Amino acid sequence: MAFFKVPSCGVLLLLFFIATCFLFQCFAAEVEVNQTARLLVDASQGRLIPETLFGIFFEEINHAGAGGLWAELVSNRGFEAGGQNIPSNIDPWAIIGNDSSLIVSTDRSSCFERNKVALRMEVLCDSQGTNICPVGGVGVYNPGYWGMGIKQGKTYKVVFYIRSLGSVNILVSLTSSNGLQTLATSNIIASASDVSNWTRVETLLEAKETNPNARLQLTTSRKGVIWFDQVSAMPLDTYKGHGFRNVLFQMLADLKPRFLRFPGGCFVEGEWLRNAFRWKASVGPWENRAGHFGDVWMYWTDDGLGYFEFLQVDNKIKLLVYAASGRPWCAAHMGISHTDEVDTSAVLPFVQEALDGIEFARGDANSTWGSVRAAMGHPDPFDLRYVAVGNEDCPKKNYRGNYLKFYDAIKRAYPDIGIISNCDGSSSPLDHKADFYDFHIYTSANDMFSKTHKFDHTSRTGPKAFVSEYAVTGNDAGTGSLLAALAEGGFLIGLEKNSDVVAMASYAPLFVNANDRRWKPDAIVFNSAQLYGTPSYWVQQFFRESSGATLLNATLLTNSSSSIVASAISWEDSENAKSYLRIKANMILQVVNLGSSSVNLKVSVDGLGPNSIKLSGSTKTQLTSTNLKDENSFMEPNKVVPSLTLLENAAKDMDVVISPYSFTSFDLLRESVSMKMEGTDSFSRSSI
């Protein structure tokens, strides 16, 4: 691989991952007490790492979006989840009152063409007469996604559509799960003429109390017939006002991802084609979105988090987190689901749908689909750079034929877009055209760590790899263990070293609502009021600066038979105008006497001048715990998280101790120096 001279204005980031006796049996293993190793780094030479190396993959699984990242509190807000045949199930909506006081049903009277089902509520009781309504009235309530997380002092916008045969007096309330505690309330009074046709109602509710298990109620004590449809409740303080749950979005932003893959995954293709995600049904006003049942992960989504919102996720990350351009890529449905396939001779309508989707993202505001985007408030095109054709579909009968139809059509219209094939090209060349190939790996910790060298012998020509899904799974991982994270750290070191043939990588799955764990482990765990990152999430934070950095020439020497990998990078800290020499170490010792062994590491960096490392400002960050199987939880969200301390012996030649069961980063603050770039007449200076 070609190397070039590294400018000293960059921040040097040296990563090495140390693992010893990585066997994962439960019997004792021989471990040397005084293991030693030496890391030799040439800081004057290196090659660029792709700017897009590490990013994120979002799939609607585990209620990651519906009831998660998307801040909508109401589940089944349009009453469509029960199907189009009426009467239908309104779950999770429930009735307040009994059949002597009201009758609740559904009909197809909605004003929204895509969402014809509406809730019909016939109130039999009244505030006076022989059939008096109970205190508080009768009506319906929605518990959201396993309870609505309501916080004191926060304001929530409730929107719904209403029609009635007479005047109405509706109490809109946020209450406790049993309805006994009122957190916020608003009274909606309207004459019969005001609501004789479908009317939009909006009200703001300010919470007086905090309750993580709240519900939304619509109640009345007035006899009559009322219809409701498209009932929404969202906090006003979503991330930058774009509908994303603040704390969850911030967890993504803190990773500094350089790309976003969306919206799946198996979610895109469906178990059957009739239940696949269709982007056209997920754009435009939210009231007009039909929603659909995701039959792979077996739950309904209202598609409030649709194609447009996914593009905004990347746009918000790009604008608010880092200066370098983020690059979204989407998965195109190619007429293949888990169960049925469209024949290649009939696939052209699916190809056109993909082309329309690209036009929605990238087209001029006056184009057919670009105008739809512009009408949604984003006249400027999004920076869509990649399209994956299918998901894990390479073995399917019609895949290659369908893929080539997509490839040729997209390249004719958008020659700059990178096309990603589902077929693995890491071991042998692809038999079809592609810019990238998708590589997925879910495996044990031992096997994941061994995959550190997976791409060492991959051909350096041809399509590059996109490792779009990786994770340690099974017993080694539990619901997110330190062991899994450290094995993944070793794998990521390997991807970084092979970033000349690996273009992008992302962990999967990203989110899990703890109430609906369809897959484990996951990077971020949450419920209506709490969240935490698993150790796998925190390991990803150690690679936030790798994308767009420079891979340096590094050699690791050891006196033991331990499995050890090492890499070193330099990077520019443009925000703080500081240069660092960062050394990352990850060590795994599988022994009965946990934590009894460590490695004495001698670091030697060539290519730096004398006294080039500053003692003041150098730090050590370590991710570790007392047991490899330790996990974070709602009770102990910080059990396995990185800790930061000052590094007192910082130097270009230094001795450090790497603890067992740990991922360690040494950040060495550098003095400002000038260095000539190889092959040019220019000089570069770093500032402190």
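This text leads the reader through one protein chain, from its overall make-up to single residues.

The structure is a predicted model, in which local features need pLDDT of at least 70 and side-chain atom pairs count only at pLDDT 80 or more, whereas totals for chains, interfaces and linings use all residues. Residues are numbered from 1 along each chain as its sequence is written, and side-chain values use heavy atoms, with hydrogens and water left out.

The chain contains 9 helices and 37 strands. Helices here are DSSP runs of H or I with at least four residues, strands are DSSP runs of E with at least two, and both are numbered from the N terminus. Of its 688 residues, 59% count as buried. Buried means under 20% relative accessible area, exposed means over 50%, and partly exposed lies in between, with a 1.4 Å probe and protein chains only. The chain exposes about 26300 Å², and carbon and sulfur atoms supply 50% of this area; accessible areas come from the Shrake-Rupley method with a 1.4 Å probe, and for residues only the protein chains shown count as cover. Among contacts between residues at least 6 apart in sequence, 77% join residues at least 24 apart. A contact means heavy atoms within 4.5 Å.

The strands may be considered next. Strands of a sheet pair through backbone hydrogen bonds, either parallel or antiparallel. Two strands are said to pair if DSSP finds at least two bridges between them. One open sheet of 5 strands has the order β6-β7-β15-β10-β13, with antiparallel pairing. Strands β6 (102-107) and β13 (199-206) stand at its edges; each has a single partner strand, so one side of each is left without a neighbour in the sheet. From one strand to the next, the twist averages 30°; angles run from 0 to 180 degrees between N-to-C directions, and axes are lines fitted to C-alpha atoms, for helices over the stretch in contact. Within this sheet, the antiparallel strands β7 (residues 118-123) and β15 (residues 224-235) are joined by 5 bridges. Glu122 stands opposite Val225 in β15.

Strand β8 (residues 138-142) offers a further example of pairing. Of its 5 residues, 4 are buried, so β8 is largely enclosed by the rest of the structure. It is joined to β5 by 3 bridges, and the two strands run antiparallel; here Val140 of β8 is the bridge partner of Ile95. Another 5 bridges join β8 to strand β14 (residues 211-220), again in an antiparallel arrangement. In this pair, Val138 stands opposite Thr220 in β14.

The helices show another kind of packing. Helix α4 (residues 348-362) packs against helix α6 (residues 399-413) at an angle of about 35°, and their axes are 10 Å apart. The crossing of α4 past α6 is right-handed, a term used when the near helix is turned clockwise from the far one by less than a right angle, whereas an anticlockwise turn makes a crossing left-handed. On the α4 side the contact is made by Leu348, Phe350, Val351, Ala354, Leu355 and Ile358, and on the α6 side by Lys405, Phe406, Ala409, Ile410 and Ala413. By class, this contact has 10 nonpolar, no polar and 1 charged residues. Ala, Val, Leu, Ile, Met, Phe, Trp, Tyr, Cys and Pro count as nonpolar, Asp, Glu, Lys and Arg as charged, and the others, Gly among them, as polar.

Some single residues also deserve attention. Gln312 lies in helix α3 (residues 307-321) and, at 8% relative accessibility, counts as buried. Apart from its neighbours within four places in sequence, Gln312 is in contact with His242, Phe244 and Phe382. Val389 belongs to strand β20 and is buried at 0% relative accessibility. Its C-alpha atom is separated by 9.8 Å from that of Asp438, although the two residues are 49 residues apart along the chain.

The backbone of certain loops completes the picture. His63, in the loop between β4 (56-57) and β5 (94-96), has a phi near 55°, a positive value in a residue other than glycine. Glu392, in the loop between β20 (386-389) and α6, likewise has a positive phi near 55°. His63 is buried, with a relative accessible area of 6%, whereas Glu392 is partly exposed at 40%. A cis peptide bond joins Gly264 and Gly265, with omega about 15°, and Gly265 is in the loop between β16 (259-262) and α2 (266-269). Another cis peptide bond joins Lys520 and Pro521, with omega about 0°; Pro521 is in the loop between β25 (511-513) and β26 (524-526).
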